Amino acid sequence: MAATKHRPIAHLSLICWCLLSSALALLSNSNARALSLAPMRLDHQRGQLQVSNSGDRMIRVNLQVFPPRQVNGRTTAAATPLSAEEAEQRIQLRPSSFRLGPGASRVITYRVTPDQPPFYLCGTSLQNLLQVRICSSWQPAALPHNTP
Amino acid sequence: MDFSPTVVSNFCDISTTGGSLAVEKKRGLITSDSSQPGNFSGTQGPGTISVVSNLTAQGTIVVDPPKLTGLTPATTSEIKLGSGNYNSTAQSITLGSDGNLASTNLHVRFTTTDNNNKFANGTYSAVATVTCTDGGN
């Protein structure tokens, strides 16, 4: 009989615990930040980049140019960006720094100066413990004009 | 009615959650890793990264060693991805065949031999760089 009386209380505790867990999960997810960029290769001297914020917090995005480097046999962007002047000599785009609200995206028009060596154009965003970079690569063999 | 345009192409999306640092009682170790031995001031917590992309096997995620900002410089700066080991050099992760990376814990660890092996009083923060590229081979 005593066990029967305690069963509804146990069920209520379980429901409360589940609700609390869900609330905590939502709370932790609310700290998620995200950066998205396309395309990952600049196939033409002129084109457009799309930078998006799929997270739920406002983020600041900087577009920076990096030389290539090798990590474990794979080519990626170097740790240090080119100076603003050097970057401008390789690729023209506006704006190079902006804020994106949750769920927002922005399309940026770019133009690569002819005869440039390989480089990476990276969208960068500082997100707490992490500096996130998503990088589009430029290869000199890319076509001179955007084609459909 | 106008709709803003979209770019149809390959893409990479990195999602993160922030970690938190704590200092060991003897002040020679700052870390986000609660499995490290010692008594800590503060609460450690990992950063996490997850990736969604359509890059398949050509996509690469590189995580560079962390940098510590604060009064006393770090002598060692290390990073640990998932259940791997601590490392002081850049680490690469190959994306899955679906182009994604499931949520992965990222820990940082710093030690110093400066100032009698102690981080001086003050505020310390850390940043590790995570990079997504295509065709990295």
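This report describes a predicted model of a complex, covering confidence, the contact between chains A and B, the strands of chain B, and local features of chain A.

## Confidence of the model

The predictor assigns the complex an ipTM of 0.87 and a pTM of 0.83. For chain B, the mean pLDDT is 92, and 99% of its residues reach 70 or more. Among the elements of chain B, the highest mean pLDDT, 97, belongs to strand E3 (residues 29–31). The lowest, 88, belongs to strand E9 (residues 91–94) of chain B. Where pLDDT is low, predicted coordinates should not be read in detail.

## The contact between chains A and B

Chain A contributes 38 residues to the contact, and chain B contributes 34 residues. On chain B, four strands each supply at least two residues of the side that touches chain A: E1 (12–17), E5 (47–53), E6 (59–63) and E11 (125–134). The largest share of that side comes from E11(B), with 9 residues. Sorted by class, the side of chain B that touches chain A holds 17 polar, 14 nonpolar and 3 charged residues.

Strand pairing also links the two chains. Strand E1 of chain A (residues 33–38) pairs with E1(B) in the antiparallel sense, over 5 bridges. Within this pairing, A:Ser36 has B:Asp13 of E1(B) as its bridge partner.

## Strand E6 of chain B

E6(B), one of the strands that supply the side touching chain A, is also an enclosed element. Of its 5 residues, 5 are buried, so E6(B) is largely enclosed by the rest of the structure. In a regular strand, side chains alternate between the two faces of the sheet. In E6(B), both faces are covered. B:Gly59, B:Ile61 and B:Val63 are buried on one side, and B:Thr60 and B:Val62 are buried on the other.

E6(B) has antiparallel pairings with E11(B), over 5 bridges, and with E9(B), over 4 bridges. In the pairing with E11(B), B:Val62 stands opposite B:Thr131. In the pairing with E9(B), B:Val63 stands opposite B:Gln91. E6(B) is thus joined to E11(B), the strand with the largest share of the side that touches chain A. Its other partner here, E9(B), is the element of chain B with the lowest mean pLDDT.

## Strand E10 of chain B and its partners

Strand E10 (residues 101–111) of chain B pairs in the antiparallel sense with E3(B), over 3 bridges. In this pairing, B:Leu29 has B:Thr111 of E10(B) as its bridge partner. E3(B) is the element of chain B with the highest mean pLDDT.

E10(B) also pairs with E5(B), again antiparallel, over 4 bridges. Here B:Gly47 stands opposite B:Leu106 of E10(B). A further antiparallel pairing, with 6 bridges, joins E10(B) to strand E8 (residues 76–81) of chain B. In that pairing, B:Lys80 stands opposite B:His107 of E10(B).

## Organisation of chain A

Chain A contains 2 helices and 11 strands. Along the sequence, its elements follow the pattern α-β-β-β-β-β-β-α-β-β-β-β-β. Chain A has 148 residues, of which 31% are buried. Among contacts in chain A with a separation of 6 or more, 63% are between residues 24 or more positions apart.

## Local backbone features of chain A

Two cis peptide bonds occur in loops of chain A. The bond from A:Ala38 to A:Pro39 is cis, with omega near -5 degrees, and A:Pro39 is found in the loop between E1 and strand E2 (41–44) of chain A. The bond from A:Arg94 to A:Pro95 is likewise cis, with omega near -10 degrees. A:Pro95 lies in the loop between strand E7 (91–93) and strand E8 (97–100) of chain A.

Positive phi values are found at non-glycine residues A:Asn72, near 50 degrees, and A:Asp115, near 65 degrees. A:Asn72 lies in the loop between strand E5 (68–71) and strand E6 (74–77) of chain A. With 15 C-beta neighbours inside 10 Å, A:Asn72 counts as partly exposed. A:Asp115 is found in the loop between strand E9 (105–112) and strand E10 (119–127) of chain A. This residue, A:Asp115, has 6 other C-beta atoms within 10 Å and is therefore exposed.

Technical notes. Residues are numbered from 1 along each chain as its sequence is written. Chains are lettered from A and ligands numbered from 1 in the order in which they are written. This is a predicted model: local features need pLDDT of at least 70, side-chain atom pairs count only at pLDDT 80 or more; totals for chains, interfaces and linings use all residues. Two residues are in contact if their C-beta atoms, placed from the backbone, lie within 7 Å. Ala, Val, Leu, Ile, Met, Phe, Trp, Tyr, Cys and Pro count as nonpolar, Asp, Glu, Lys and Arg as charged, and the others, Gly among them, as polar. Two strands pair if DSSP finds at least two bridges between them. pLDDT is the predictor's confidence in each residue, from 0 to 100. A residue is buried if 20 or more other C-beta atoms lie within 10 Å of its own, exposed if 12 or fewer, and partly exposed in between; C-beta atoms are placed from the backbone.
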